[in-house]
Structures are given as C-alpha cells and as structure tokens.
Amino acid sequence: MSAGLDEAQAEAVEARGPVLVIACPGAGKTRTLAARAARILADPGARVAAVSFTRDAAREIRERILATAPGAGDRVAAGTFHSLCYRQLGGSREPVVSREESLAYAARAAREARCDLEPEDALAVIEAWRSGGRLEAPGVDGEALAAAYGEILRRNGKIDFQD
C-alpha cells in the first residue's frame, strides 16, 4: 500500500484507466491525486494535467504533485479550466481582462460610441456582437460599440476570452 494512504486511496492510485474520486472535505483527495500523478509520472514520457476550480487549489495540487514526483515540473500542468484551455490554445502574452476591467472598458466604449447604456448592458451588447450575434438595443449601434471596445482592449494591451 502507498505510504500514508488507506486501502481505498491506494486502490485509486494503482488503478489502470480513469478513476473518479469522490470524498468529503479533509478525506485525502488531494493526497490521493498527488500520489496517482506521481505513479503516472514515473513513466518518463508521461504528462499530467490537474484541473481545479480555483487558482489556489491548482497551485496546491501542483505543489503536492511535485513534492511526490520531484523533477517532473515540466511535465505537470495545473490550473483552472480557463487557464489550461487558454494555454492549450496558445494564448498570447497579453493579459486577459478581469470582469471589472471589462465593465470599465464597456462603459468607456459606450461613451466613445455615444451610447446611453449602463456598463452591464453595454457589455452584453458588445459580447453578442463580438461572438457573431446581434443583440439590439434601441438607439445603440452595436457594431460601433463593439469596435470601440475592441480598440480600447488593443490600446491597453489586453484581450478577453472572446479573443
């Protein structure tokens, strides 16, 4: 049995193929996943990706994996779903705007495009136009609004997930 693991955890670590680990908080899921990753990484050609809901959890699982599999750093990817997808797609070096920045840029774009919209509403129109849809708002030129927003992103060296 793997060190520090109970029988069920050791079974999950040693299993062949996919494994679903379900347990309450504090039951040792992270320890089990780190041990399983270390077993997989014993193969020098293997790579592991760990997906979590938060950056902090991703950082912790990566640290735990590397503590159990020293020297495997370049073969371990850990992050949130969005960050891993962004990396996989070859994301640019430009930082992705936060929700707050998107709202501030949408408000600025609305002023530049002379649209009388609240930031949330402006962002909804912008997102629809940028994704190929058409969200119409009375007296609003959605195309001009989206273009102004895109220009603001460009001037600030930022991108958003639609980019």
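Select Arg114 first, in the loop between H5 and H6 of this predicted model. Because its relative accessible area is 75%, Arg114 counts as exposed. Its backbone deserves a look as well: phi of Arg114 is near 55 degrees, a positive value in a residue other than glycine. To place this loop against the N-terminal part of the chain, add Val13 to the selection. Arg114 and Val13 stand 101 residues apart in sequence, and their C-alpha atoms are 59 Å apart in space.

**Helix H5**

Step back from Arg114 into H5, the helix that ends just before it. H5 consists of 14 residues and spans 20 Å from first to last C-alpha, close to the 20 Å expected at 1.5 Å a residue. Select Glu112, which lies in this helix. Glu112 is classed as partly exposed because its relative accessible area is 38%. Beyond residues up to four places away in sequence, Glu112 touches Ala148, Ile152 and Arg155. For a long-range distance, pick Gly45 too: the C-alpha atoms of Glu112 and Gly45 are separated by 53 Å, with their positions 67 residues apart along the chain.

Next, colour the buried residues of H5, which are Ser102, Leu103, Tyr105, Ala106, Ala107, Ala109 and Ala110. An α-helix has 3.6 residues a turn, so residues three or four places apart point the same way. What covers the buried residues of H5 includes H6 and H7. Keep Ala109 selected and show its surroundings. With neighbours within four places in sequence set aside, Ala109 is in contact with Ile126, Leu145, Ala148, Tyr149 and Ile152.

**Helix H6**

Move to residues 119-130, which form helix H6. This helix has 12 residues and reaches 16 Å between its first and last C-alpha, close to the 16 Å expected at 1.5 Å a residue. Which residues of H6 are buried? They are Ala122, Leu123, Val125, Ile126, Ala128 and Trp129. These buried residues pack against helix H5 (99-112) and helix H7 (142-155).

Centre the view on Trp129, found in helix H6. With a relative accessible area of 17%, Trp129 falls under the 20% limit and therefore counts as buried. Its contacts, not counting residues up to four places away in sequence, are Arg134, Leu135, Glu136, Gly142, Glu143 and Ala146. Leu145 can be added for a distance: its C-alpha lies 8.8 Å from that of Trp129, and the two residues are 16 apart along the chain. Then follow the chain out of the helix to Gly132, which comes after H6 and has a positive phi, near 95 degrees.

**Helix H7**

Continue to Ala146, which lies in helix H7. Is Ala146 buried or exposed? Ala146 counts as buried because its relative accessibility is 12%. Residues up to four places away in sequence being left out, Ala146 touches Ile126, Trp129 and Arg130. The C-alpha atoms of Ala146 and Ala128 are separated by 8.8 Å, and 18 residues separate the two along the chain.

**The nonpolar cores**

Now display the core to which these helices contribute. In soluble globular proteins, nonpolar side chains tend to be buried together. The largest nonpolar core here has 21 residues, of which Ala109, Leu117, Val125, Val140, Leu145 and Tyr149 touch the most other members. H5, H6 and H7 are the elements that give two or more residues to this core. H7 supplies the largest share, six residues. A second, separate core has 12 residues, among them Ala34, Ala37, Val48 and Val76.

**Helices H1 and H2**

End the tour at helix H1 (residues 7-14) and helix H2 (residues 29-41). Their axes come within 8 Å and cross at roughly 35 degrees, and the crossing is right-handed. To show the contact, select Gln9, Ala12, Val13 and Glu14 on H1, together with Arg31, Thr32, Ala35, Arg36 and Arg39 on H2. How many residues of this contact are nonpolar, polar and charged? The contact of H1 with H2 comprises three nonpolar, two polar and four charged residues. Val13, paired with Arg114 at the opening stop, is one of the H1 residues in this contact.

Methods
Residues are numbered from 1 along each chain as its sequence is written. This is a predicted model: local features need pLDDT of at least 70, side-chain atom pairs count only at pLDDT 80 or more; totals for chains, interfaces and linings use all residues. Side-chain values use heavy atoms; hydrogens and water are left out. Axes are lines fitted to C-alpha atoms, for helices over the stretch in contact, and angles run from 0 to 180 degrees between N-to-C directions. Helices (H or I, at least four residues) and strands (E, at least two) are DSSP runs, numbered from the N terminus. A crossing is left-handed if the near helix is turned anticlockwise from the far one by less than a right angle, and right-handed if clockwise. Contact means heavy atoms within 4.5 Å. Ala, Val, Leu, Ile, Met, Phe, Trp, Tyr, Cys and Pro count as nonpolar, Asp, Glu, Lys and Arg as charged, and the others, Gly among them, as polar. The expected span of a helix is 1.5 Å times one less than its number of residues. Buried means under 20% relative accessible area, exposed over 50%, partly exposed in between (1.4 Å probe, protein chains only). A nonpolar core is a set of buried Ala, Val, Leu, Ile, Met, Phe, Trp, Tyr and Cys residues joined through side-chain atoms within 4.5 Å.
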